[in-house]
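Visitor: Could you take me through this structure, beginning with what surrounds its ligand?

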Amino acid sequence: MKPCEVVNVRLGAGEGSVVLLDQTQLPNRVVYREVSALEDMVEAIQTLRVRGAPAIGVFAGYCLYVLARQLEGRGLEGPAFQRELERQGEVLAGARPTAVNLAWAVGRLTRRAAAMAGATAGDIVSALGEEARAIRREDEEMCLRIAEHGLSLVKAGDGILTHCNAGPLATSKYGTALGPILLGQERGVPLRVYADETRPLLQGARLTAWELQQAGVDVTLICDNMASMVLKNGWVQACFVGCDRVAANGDTANKIGTSGVAILARHYGVPFYVLGPTSTVDLSCPDGDHIPIEQRDGEELRSLWYREPMAPAGVRCYNPAFDVTDHSLITAIVTERGVCRPPFVQSLRAACGAEGGAKKQISP
Ligand code: MRU
């Protein structure tokens, strides 16, 4: 299976369920699961069966459409339909707090439904189906544009350091941070990749290394604490990372450990690029201090990957899933609408406000 052909999320037969590629099983098993109940949808997001900011947005769109079909099937109409859709949307949106795409996608569907108040449940459900499919289609288009812009920042043979997984599994196609690498591979612009394993959930080892290897990319897996040495050795010409929420000033939340990579990159004079769609930019969030950071179970540190626990039972753990990279450490934020440079307050606003086709360079 080529990574760009992976369908991580899709509607099930008869559009009564959502089918997901269970990312917790990779790279050892390719397992698809089907969900149709709200609690199973939430569980899939919280356990990272579906993960990556754009992918959970696409998943949530499909889920809310499937749930809306169930409300119609139960005979709900008018305000009762709207109220229940809103409630279920809130539960979905609350499944994980950091990636803004989740709440963004739910909001997009519930707003569409609210704008049709007075229409039949059947008509609203059809519109929600369109909206959910549009989110997926647009994500795929955005990833291709991000990949194009990102590829313009590097040259054949360059070494790229990446953290976590921002590839096709985390999006609809190509990915964000891995987009330029996969596109370059297709176009005869090969890049060498160093993939941080990304403790504690190993998205780099399990998913990034798998995707890049399948695509024939020259990939070397490293432990997170080896990044400094790889940079010091001069093996890396650019860092490419994804994002879960970009604040208005450019501060960026991404997988825990990303900010450390940015600090190292600054020390060694290597450009640090954040790649993500404008659906991940949250202009209502002024800066990184306002981004909610998910805290996860300490068992992920103590015992999850081990045959027996590797920490004393009951030891206190601190396990934030994301950190915030200060905008001052970011060379550019690559969106589908172009390469945003500092000062990000202006360039992000220009990118998010711009209508229509991609711009090559967005200068403030
Ligand atoms: O906890 P995860 O695996 O969902 O975290 C994912 C990341 O941090 C990705 O880098 C980010 O969502 C961008 S995916 C294109």
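**The ligand and its shell**

Visitor: Which class of residue, nonpolar, polar or charged, has eight members in the shell around the ligand?

Guide: This is a predicted model. In the shell around the ligand, six residues are polar and four are charged. The class with eight residues is nonpolar.

Visitor: Which helix and which strand each supply at least two residues of that shell?

Guide: The shell is made up of 18 residues, and the closest to the ligand are R51, A53, R96, N254 and K255. The elements that each supply at least two residues of the shell are α2 (53–73) and β9 (252–255).

Visitor: What is the distance from an oxygen atom of the ligand to a polar side-chain atom of R96?

Guide: Polar contacts are counted here for N or O atoms within 3.5 Å. An oxygen atom of the ligand lies 3.1 Å from a polar backbone atom of G52, and an oxygen atom of the ligand is 2.9 Å from an N or O atom in the side chain of Q203. For the polar side-chain atom of R96, the distance to a ligand oxygen is 2.8 Å.

Visitor: How much of the ligand's accessible area does the protein cover?

Guide: The space that the ligand takes is the largest cavity. On its own the ligand has 420 Å² of accessible area, and the share of this that the protein covers is 100%.

**A salt bridge**

Visitor: Why does the salt bridge between D22 and R33 tie together separate parts of the sequence?

Guide: Side chains of opposite charge can pair when their charged atoms come close. The side chains of D22 and R33 meet in a salt bridge, with 3.9 Å from N to O. Because D22 lies in the loop between β2 (18–21) and β3 (32–35) while R33 is in strand β3, the pair ties together parts whose separation in sequence is 11 residues.

Methods: Residues are numbered from 1 along each chain as its sequence is written. This is a predicted model: local features need pLDDT of at least 70, side-chain atom pairs count only at pLDDT 80 or more; totals for chains, interfaces and linings use all residues. Side-chain values use heavy atoms; hydrogens and water are left out. A residue is near a molecule or strand if one of its heavy atoms lies within 4 Å of it. A polar contact is a pair of N or O atoms within 3.5 Å; within protein, one must be able to donate a hydrogen and the other to accept it, and residues adjacent in sequence count only if both atoms are side-chain atoms. Accessible areas come from the Shrake-Rupley method with a 1.4 Å probe; for residues, only the protein chains shown count as cover. On a 1 Å grid over the protein atoms alone, a cavity is a set of points where a 1.4 Å probe fits but cannot get out, and a pocket is an open set with protein on both sides within 12 Å along at least five of seven lines; lining residues have an atom within 4 Å of a point. A molecule sits in a cavity or pocket if more than half of its atoms lie within 2 Å of its grid points. Helices (H or I, at least four residues) and strands (E, at least two) are DSSP runs, numbered from the N terminus. Ala, Val, Leu, Ile, Met, Phe, Trp, Tyr, Cys and Pro count as nonpolar, Asp, Glu, Lys and Arg as charged, and the others, Gly among them, as polar. A salt bridge is a side-chain nitrogen of Lys or Arg within 4 Å of a carboxyl oxygen of Asp or Glu.
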